Amino acid sequence: MELSVILVIGVALGFDYVNGFHDAANSIATVVSTRVLSPRIAVIWAAFFNFTAFLVFGDAVATTIAKDVVVQDVLSIGVIFAGLAGAIVWDLITFWLGLPTSSSHALVGGIAGAAVAKAGFGVLLAEGLRKIGVFIILSPLIGLAMGLVLTLGIYWVFHRYRNVERLNRGFRLGQLVSAAAFSLGHGANDAQKTMGIILALLIASGHAASDASTPLWVVLAAHTAIGLGTLTGGWRIVKTMGSKITRLQPVGGVAAESGAAITLFATSAAGIPVSTTHTITGAIVGVGAARRLSAVRWGVAGRVVWAWVLTIPGAFAISWLTFQLVDLLS
Amino acid sequence: MDRRAIFFLGAAVVCFVLVPLSDGYAWVSLTVGIVYLILALGSWLDARSHRRL
């Protein structure tokens with residue numbers, strides 16, 4: 001295998017690591033903010049389930065990323081490198097600003113930007129991009145509805161239960177399960193995006209056939225990278241997710257994580273790359289909205305929405321410039 | 001009409017707009033839209049009953 005291919009695989013795994021680091025907050029914000037787990041134990045818990053996701057889910061999302069975003073012929077080592085660079089730079093900018101944006105959409109925007117820089121807008125695959133675009137809007141709405149319906153369901157089932165202390169203890173334990181489920185969904189959907197990029201790279205460099213499925217070493221490497229990223233995860237976004245959008249109790253934590261986990265399981269099985277960040281944010285807003293709409297701090301939620309809107313164009317532009325630079329230097 | 005019901009109604013409209021764009025996943029947009037319609041109705045009835053109390 002050529003040195004350039006190994007280098008870009010390293011960058012892809014670096015992106016996966018940053019993804020875990022950036023999104024660690026999503027997996028653990030609610031368990032930490034409700035004080036079910038200490039931050040240190042929470043990241044170990046989340047990282048473990050990030051890694052084990054490969055045992056449960058296939059590679060449908062990886063295939064979508066590798067084959068449904070841009071025409072395969074245009075994918076080269078330079079395009080994939082520039083796409084990854086754009087996504088990583090965008091992720092780091094939004095991480096620095098404390099915004100829970102989507103690493104997934106940064107990746108899609110990045111790959112699209114680099115491919116367009118190489119061969120123009122004709123290389124974009126409308127059908128695949130439309131599927132991803134529709135679910136950019138649908139995934140937070142599904143998460144919101146799930147969080148809200150589960151919260152109402154839990155309230156309805158337990159409304160006659162008078163031992164509040166015991167009930168809270170039960171939900172604190174329940175959060176361990178729901179956080180694990182969400183981390184499993186996060187590992188499945190997000191690690192697969194890196195698997196897709198590496199698969200595209202292997203196909204582009206002639207190390208795999210165009211109809212090949214993802215090799216096992218790629219699956220293991222991607223899940224290890226995201227798990228390690230989560231293990232060293234950052235804290236800026238925990239604050240935004242865990243307390244600034246709405247104040248969460250253990251019951252709300254269980255509803256938010258379960259709602260988001262169900263959404264991620266379904267989309268991962270269907271091969272749809274969605275944002276874990278969007279999904280859990282929607283679910284947290286849903287939990288707040290179950291009480292009353294004013295329980296949601298819409299100013300923060302609105303800031304988050306703007307960051308989402310800018311992610312694909314932002315990563316697209318950075319990757320476009322990076323590809324021009326790579327092209328100029330080579 | 002209460003703000004929450006309006007919000008849910010807006011979400012339902014967004015989902016229904018997405019139906020023709022969703023190709024093989026039109027049923028997902030449609031189902032989520034219907035869920036938001038039900039939530040809007042429930043929220044409106046809830047606010048109405050609170051006003052009457």
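**Figure 1. The largest nonpolar core of the predicted model.** This core has 118 residues. Those with the most contacts inside it are Ile28(A), Ile80(A), Ala145(A) and Tyr36(B). In soluble globular proteins, nonpolar side chains tend to be buried together.

**Figure 2. Close-up of Ile80(A) and the residues it touches.** Ile80(A) is among the residues with the most contacts inside the largest nonpolar core. Leaving aside residues up to four places away in sequence, Ile80(A) touches Val8(A) and Leu75(A). Its other contacts on that count are Ile197(A), Ala200(A), Leu201(A) and Ala204(A).

**Figure 3. Close-up of Gly109(A) in helix H5 of chain A.** Helix H5 covers residues 103–119. Gly109(A) counts as buried because it has 27 C-beta neighbours inside 10 Å, and the cut-off for buried is 20 or more. Residues up to four places away in sequence are not counted among its contacts. On that basis, Gly109(A) touches Thr311(A), Ile312(A), Pro313(A), Gly314(A), Ala315(A) and Phe316(A). From Gly109(A) to Leu84(A), the C-alpha to C-alpha distance is 9.7 Å. These two residues are 25 residues apart in sequence.

**Figure 4. The contact between chain A and chain B.** Chain A supplies 12 residues and chain B supplies 17 residues. On the side of chain A that touches chain B, helix H6 (residues 126–158) gives the most, with 10 residues. By class, that side of chain A has nine nonpolar and three charged residues, and no polar ones.

**Figure 5. Confidence in chain B and in the complex.** Chain B has a mean pLDDT of 88. In chain B, 94% of the residues reach 70 or more. For the complex, the predictor gives an ipTM of 0.92 and a pTM of 0.83. Where pLDDT is low, the predicted coordinates should not be read in detail.

Notes:
Residues are numbered from 1 along each chain as its sequence is written. Chains are lettered from A and ligands numbered from 1 in the order in which they are written. This is a predicted model: local features need pLDDT of at least 70, side-chain atom pairs count only at pLDDT 80 or more; totals for chains, interfaces and linings use all residues. Two residues are in contact if their C-beta atoms, placed from the backbone, lie within 7 Å. Helices (H or I, at least four residues) and strands (E, at least two) are DSSP runs, numbered from the N terminus. Ala, Val, Leu, Ile, Met, Phe, Trp, Tyr, Cys and Pro count as nonpolar, Asp, Glu, Lys and Arg as charged, and the others, Gly among them, as polar. A residue is buried if 20 or more other C-beta atoms lie within 10 Å of its own, exposed if 12 or fewer, and partly exposed in between; C-beta atoms are placed from the backbone. pLDDT is the predictor's confidence in each residue, from 0 to 100. A nonpolar core is a set of buried Ala, Val, Leu, Ile, Met, Phe, Trp, Tyr and Cys residues joined through C-beta atoms within 7 Å.
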